[in-house]
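Hello,

Here is the structure I promised to hand over. Please open it first, then read the notes below it.

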Amino acid sequence: MASKTRSSTFKVALIVVFLSANVVLSDDTVPVPADKSQLSAWFNKNVMPLGQRTSTLDPALVAAEAGAKVVKVMPDGSGDFKTITDAVKSIPVGNTKRVIVYIGGANYNEKIKIERTKPFVTLYGEPGNMPNLTFGGTAKEYGTVDSATLIAESDYFVAANIIISNSAPRPDGKRPGAQAVALRISGDKAAFYNCKFFGFQDTICDDRNRHFFKDCLIQGTVDFIFGSGKSLYLNTELRVLGDSGMTVIVAQARKSEEEDSGYSFVHCDITGTGTGTFLGRAWFSHTKAIFAYTTMSSVINKAGWSNNNHPEYDKTAHFGEYQNKGPGADVSGRATITKKLSEAEVKPYISLEMIEGSQWLLPPPTPKV
């Protein structure tokens with residue numbers, strides 16, 4: 001009889017373990033597959049819907065998603081609001097519930113700021129009719145980081161199927177303060193799905209905290225992804241307008257070995273014009289940027305990276321490459337600041353562990369309107 005009880009207890013334990021495994025399948029440490037055709041399957045397995053992950057997600061996020069509501073922006077007056085600005089204003093300070101701002105396909109000439117006091121905000125557009133958020137702010141008028149068309153300072157921000165652009169003219173090297181940011185993302189635990197960012201110099205200020213970009217397009221000229229964020233860019237096109245002047249994709253701003261920041265680009269595509277673009281430059285002493293499994297066209301300068309005229313940064317900056325391909329991926333002519341990473345060295349940068357995604361990352365929203 002005692003033996004049968006032990007056997008039953010063992011079976012129950014196995015069932016509990018099995019059920020738990022099905023609830024918590026998301027694993028930060030599983031690396032992105034080298035085969036790009038397996039990327040969707042990897043993402044779906046490791047970034048599962050809310051209902052399957054409540055035990056691993058931040059409790060505040062679980063509570064916020066459970067009470068989600070949708071407000072609609074339509075410039076013709078057929079929605080709840082005519083402008084995105086008014087929709088954001090309607091969200092209460094100290095917001096604790098997910099607010100999905102559904103934005104109808106149109107051009108919105110607005111300068112939008114989502115304050116840090118308004119977490120859990122989603123901007124959503126239809127994939128086939130993406131809204132364009134645009135404004136012409138420049139560094140001369142607002143300062144560089146505050147020139148952005150969209151500033152998101154709040155935590156748990158999400159954008160899906162949105163175009164964000166800065167309409168200011170391309171800097172010519174003569175006009176002071178001509179830098180013009182499309183997006184500044186400063187809040188923690190932010191995700192961008194199928195978004196397009198258009199600008200020239202300083203297109204995205206990836207300012208600070210953890211962020212995730214997937215299936216996006218980012219266009220620019222100089223330092224068009226810059227800041228102190230800790231971000232993973234997955235399956236994203238980096239389009240360089242490099243037909244004149246100096247062009248650089250990344251200017252990451254890590255300042256010390258202790259600072260926990262850096263950018264990782266995995267299964268991305270570098271396209272565009274010109275032939276002299278640097279993957280990145282050492283804006284500060286401990287700049288960190290990694291490119292893995294990325295297709296690099298001939299727009300990339302053979303040197304790949306620049307120490308920004310600071311040879312002392314060669315020893316402290318962290319510029320890594322791993323199994324990239326294309327005419328711009330040849331590491332034989334790279335600058336000495338470059339490091340060809342091993343499988344063990346690249347692993348922390350090619351999984352969700354880099355941004356601790358199991359705590360907060362959810363699949364793209366699909367709101368019912």
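**The nonpolar cores**

The largest nonpolar core holds 56 residues, and those touching the most other members are L123, F157, F192, F197, I249 and I270. Another core lies apart from it. That one has 34 residues, among them Y156, Y293, Y322 and Y349.

Take I249 as a way into the largest core. Leaving aside neighbours within four places in sequence, I249 is in contact with D223, F224, I225, L238, V240, I270, T277, F278, L279 and I300. I270 is thus both a contact of I249 and another of the residues that touch the most other core members.

**Confidence**

Please keep in mind that this is a predicted model. The protein chain averages a pLDDT of 93. Of the residues, 93% score at least 70. Residues 1-25 are the stretch to treat separately: the pLDDT there is below 50. Beyond near neighbours in sequence, that stretch has 10 contacts in the model.

**The sheet of 11 strands**

This sheet is open, and its pairing is parallel. The order is β1-β2-β5-β8-β11-β14-β17-β20-β23-β26-β27. The edges are β1 (69-73) and β27 (338-340). Each has a single partner strand, so one side of each is left without a neighbour in the sheet. From one strand to the next, the twist averages 15 degrees.

Start at the β1 edge. β1 and β2 (residues 99-103) pair in the parallel sense over five bridges. K69 has V99 as its bridge partner in β2. Between these two strands the chain passes through helix α4 (residues 84-89), and this β-α-β crossover is right-handed.

Further along the order come β14 and β17. Five bridges join β14 (residues 210-214) to β17 (residues 230-234), and the two run parallel. F212 has L232 as its bridge partner in β17.

Now go to the other end. β23 (residues 288-292) pairs with β26 in the parallel sense, over five bridges. There, I290 has G320 as its bridge partner in β26. β26 also pairs with β27 in the parallel sense, here over three bridges. E321 stands opposite K340 in β27.

Is β26 enclosed or open to the outside? Four of the five residues of β26 (residues 318-322) are buried, so the strand is largely enclosed by the rest of the structure.

**The sheet of eight strands**

Eight strands form another open sheet, again with parallel pairing. Their order is β3-β6-β9-β12-β15-β18-β21-β24. β3 (107-109) and β24 (295-296) stand at the edges. Each of them has a single partner strand, so one side of each lacks a neighbour in the sheet.

Inside this sheet, β12 (residues 196-198) and β15 (residues 217-220) pair in the parallel sense over three bridges. F197 stands opposite I218 in β15. F197 also belongs to the largest nonpolar core, as one of the residues that touch the most other members.

**Y193**

Y193 lies in β11 (residues 190-193). Is Y193 buried or exposed? Its relative accessibility is 4%, and buried means under 20%, so Y193 counts as buried.

Which residues does Y193 touch? Leaving aside neighbours within four places in sequence, its contacts are F43, A159, A160, N161, F212, K214, C216, L361, L362, P363 and P364. F212 in that list is the residue whose bridge partner in β17 is L232. M74 makes a useful ruler: 119 residues separate Y193 and M74 along the chain, and their C-alpha atoms are separated by 21 Å.

**Two positive phi values**

D223 and E356 deserve a look at the backbone. D223 has a phi near 50 degrees, a positive value in a residue other than glycine. E356 likewise has a positive phi, near 50 degrees, and is a residue other than glycine.

Where do they sit? D223 is in strand β16 (residues 222-227). E356 is in the segment after α6 (343-346). At 8% relative accessibility, D223 counts as buried. E356 is partly exposed, with a relative accessible area of 33%. D223 is also one of the contacts of I249, which leads back to the largest core.

Best wishes

How values were computed:
Residues numbered from 1 in each chain as written. Predicted model: local features only at pLDDT ≥ 70, side-chain atom pairs only at ≥ 80, totals over all residues. Heavy atoms only, no water. pLDDT = per-residue confidence, 0-100. Contact = heavy atoms within 4.5 Å. Pairing = 2+ DSSP bridges. Axes fitted to C-alpha atoms, helices over the stretch in contact; angles between N-to-C directions. Buried < 20%, exposed > 50% of the residue type's maximum accessible area, 1.4 Å probe, protein only. Right-handed = clockwise from strand over helix to strand, strands pointing away. Core = buried A, V, L, I, M, F, W, Y, C linked by side-chain atoms within 4.5 Å.
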